[in-house]
Amino acid sequence: MKTHDLIELLAQDAPPRKDFGAVFATAVALAVIAAGAVFFAGIGFRPDIAQAAETVRFLFKFVVTVSLAVSATVAVLRLSRPGVAMGGWSVALAAVPVLLGGAVVAELFAVPRDGWMTQLVGQNMRFCLTLIPLMAIGPLACLIVALRRGAPARPGLAGALAGLAAGGIAATFYASNCTDDSPLFVAAWYPLAILAVTAVGFISGRLFLRW
Amino acid sequence: MRAALAGDADAYRQFLISVTPYVRAVARHRCRIMGAPDSEAEDVVQEVLLAVHLKRDTWDQSRPIGPWIVAIVRNKLIDALRRRPRQASIPIDDVMDTLAQGEPETDLSAHEIDVLVGQLKTQQQAIVRSISINGASVRQTADRFHMSEGAVRVALHRALKTLADLYRKRTL
């Protein structure tokens, strides 16, 4: 086939296209709804949320999870558009663990040494490790489907970032249910749960996001 | 390209025609580095054009289009060339005469795509051939096959997506 003929073929297939950004934004909204649906149907807020909302530890959980969700979401959107640099977003993403690390250090000063283990182990480790991945499945699927329209230079990385974003969304919901607020607990178990989602994201990226 | 994204086929055709020389230059350069013949470069050009087409909505319209094209061409080119086996290159002296004559730039053909079109479903093949080789419009093609224009468009779009998949899965 002549290249000229191929161009003719492509030109004939030129209906108006929805911008990838709009598709992606819809997917993010659906991702939040999907996680929220599982959350409210399954576990819901913790009963003492009103009092908890006045404590720094409780609120700090959201600083971590929301910044993870937002920076990973923007990073994966940028990665999926050829020629768009990550900008400061990779720094923002890298800042999340640093933030959590800082909180851990502060907590180690605030809590006496013999309380460290109790804070770290907490009461909800098993829920944390199962519920976050469970609530992240829907969001991850939404993001991967939308990203198939994107053109990520590195499909595996894009999938992993989608996993981080989905994990961040799920963790944000979960944090409002979990009664373990210590940064020690958060640093020990949340990353483990989110990394599991990230691994699934990486594999789906390799499988579904090649173009 | 903005007009093209809004559905203006003529503007889009013009856009594709104007990027092709750039794609071709980069593809040939790469092929030479890798010791592949120029004939193979045109296969790569077509594969890249198909990718540009299928991923055109990833261009953020508030940004300049240049970096988008450069990046998409580079990404796809690396992929396309990596999949091809290294071929023994023919010494340039032997083909100098043929090269010197040259074909008109817009009239270059590639062969890989014909093989891939042959792997499409019968109806998609017929539609692709009708539009590309016979130069029929979607309208004329629809009349010819007693289909609605919409159905032809859908089939064409699916065929192009399938072609991109076939390129990706192809190991020569």
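How many disulfides does the structure hold over all chains? I looked this up before anything else, bearing in mind that the model is predicted. The structure holds 0 disulfides.

**Entry 1. Cysteines**

I then asked why A:Cys178 forms no such bond. Its sulfur has its closest cysteine sulfur in A:Cys128, at 6.3 Å, which is too far for a bond. A disulfide would require the two sulfur atoms to lie within 2.5 Å. I also looked up accessibility: A:Cys178 is buried, at a relative accessible area of 1%. In chain B, I found B:Cys31 buried as well, with a value of 0%.

**Entry 2. Chain A as a whole**

I recorded 9 helices and 0 strands for chain A. Along the sequence the pattern is α-α-α-α-α-α-α-α-α. The C-alpha atoms occupy a box of roughly 75 × 35 × 25 Å along the principal axes. Chain A has 211 residues, and 51% of them count as buried. Of the contacts in chain A between residues at least 6 apart in sequence, I noted that 85% join residues at least 24 apart.

**Entry 3. Chain B as a whole**

Chain B also gave 9 helices and 0 strands, and I read its pattern as α-α-α-α-α-α-α-α-α. It has 172 residues, of which 45% are buried. For contacts in chain B with a separation of 6 or more, residues 24 or more positions apart account for 67%.

**Entry 4. Nonpolar cores**

Which residues have the most contacts inside the largest nonpolar core? I found B:Tyr12, B:Phe15 and B:Leu163, in a core of 56 residues. I followed one of them, B:Leu163, further. Leaving aside residues up to four places away in sequence, B:Leu163 touches B:Leu50, B:Ile113, B:Leu116, B:Val117 and B:Leu120. Another core lies apart from the largest one and has 54 residues, including A:Phe58, A:Ala165, A:Ala166 and A:Phe185. I set beside this the general tendency of nonpolar side chains to be buried together in soluble globular proteins.

**Entry 5. Helix α1 of chain A**

Why is helix α1 of chain A described as largely enclosed by the rest of the structure? The helix spans residues 3–12, and 9 of its 10 residues are buried, so the description follows. I listed the buried residues of α1(A) as A:Thr3, A:Asp5, A:Leu6, A:Ile7, A:Glu8, A:Leu9, A:Leu10, A:Ala11 and A:Gln12. I then looked for what covers the buried residues of α1(A), and the cover includes elements of chain B: α2 (9–33), α3 (38–54), α6 (112–117), α7 (122–132), α8 (138–144) and α9.

**Entry 6. Helices α5 and α9 of chain A**

I turned next to packed pairs of helices, which are described by the angle between their axes and the distance between the axes. In chain A, the axes of α5 (residues 89–110) and α9 (residues 183–208) come within 8 Å and cross at roughly 140°. At that angle, α5(A) is therefore oblique to α9(A). From α5(A), the contact draws on A:Leu100, A:Ala103, A:Val104, A:Glu107 and A:Leu108. From α9(A), I noted A:Pro183, A:Leu184, A:Val186, A:Ala187 and A:Pro191. By class, this contact has 9 nonpolar residues, no polar residues and 1 charged residue.

**Entry 7. Helices α7 and α9 of chain B**

In chain B I examined α7(B) against α9(B), whose axes are 9 Å apart at an angle of about 95°. The two helices are therefore roughly perpendicular to each other. B:Gln124, B:Ile127, B:Val128 and B:Ile131 make the contact on the α7(B) side. On the α9(B) side I found B:Val152, B:Ala155, B:Leu156, B:Arg158, B:Ala159 and B:Thr162. The classes here come to 7 nonpolar, 2 polar and 1 charged residues.

**Entry 8. Two residues of chain B**

Is B:Arg158 buried or exposed? B:Arg158 is found in helix α9 (residues 149–169) of chain B, and I read it as exposed because its relative accessibility is 54%, where the cut-off is over 50%. I also looked up its separation from B:Arg82: the two are 76 residues apart along the chain, with 26 Å between their C-alpha atoms.

My last residue was B:His146, in the loop between α8 and α9 of chain B. Its phi is near 55°, a positive value in a residue other than glycine. B:His146 counts as exposed, at 74% relative accessibility.

Terms used: Residues are numbered from 1 along each chain as its sequence is written. Chains are lettered from A and ligands numbered from 1 in the order in which they are written. This is a predicted model: local features need pLDDT of at least 70, side-chain atom pairs count only at pLDDT 80 or more; totals for chains, interfaces and linings use all residues. Side-chain values use heavy atoms; hydrogens and water are left out. Buried means under 20% relative accessible area, exposed over 50%, partly exposed in between (1.4 Å probe, protein chains only). A nonpolar core is a set of buried Ala, Val, Leu, Ile, Met, Phe, Trp, Tyr and Cys residues joined through side-chain atoms within 4.5 Å. Contact means heavy atoms within 4.5 Å. Axes are lines fitted to C-alpha atoms, for helices over the stretch in contact, and angles run from 0 to 180 degrees between N-to-C directions. Helices (H or I, at least four residues) and strands (E, at least two) are DSSP runs, numbered from the N terminus. Angles under 35 degrees count as roughly parallel, over 145 as roughly antiparallel, 65 to 115 as roughly perpendicular and the rest as oblique. Ala, Val, Leu, Ile, Met, Phe, Trp, Tyr, Cys and Pro count as nonpolar, Asp, Glu, Lys and Arg as charged, and the others, Gly among them, as polar.
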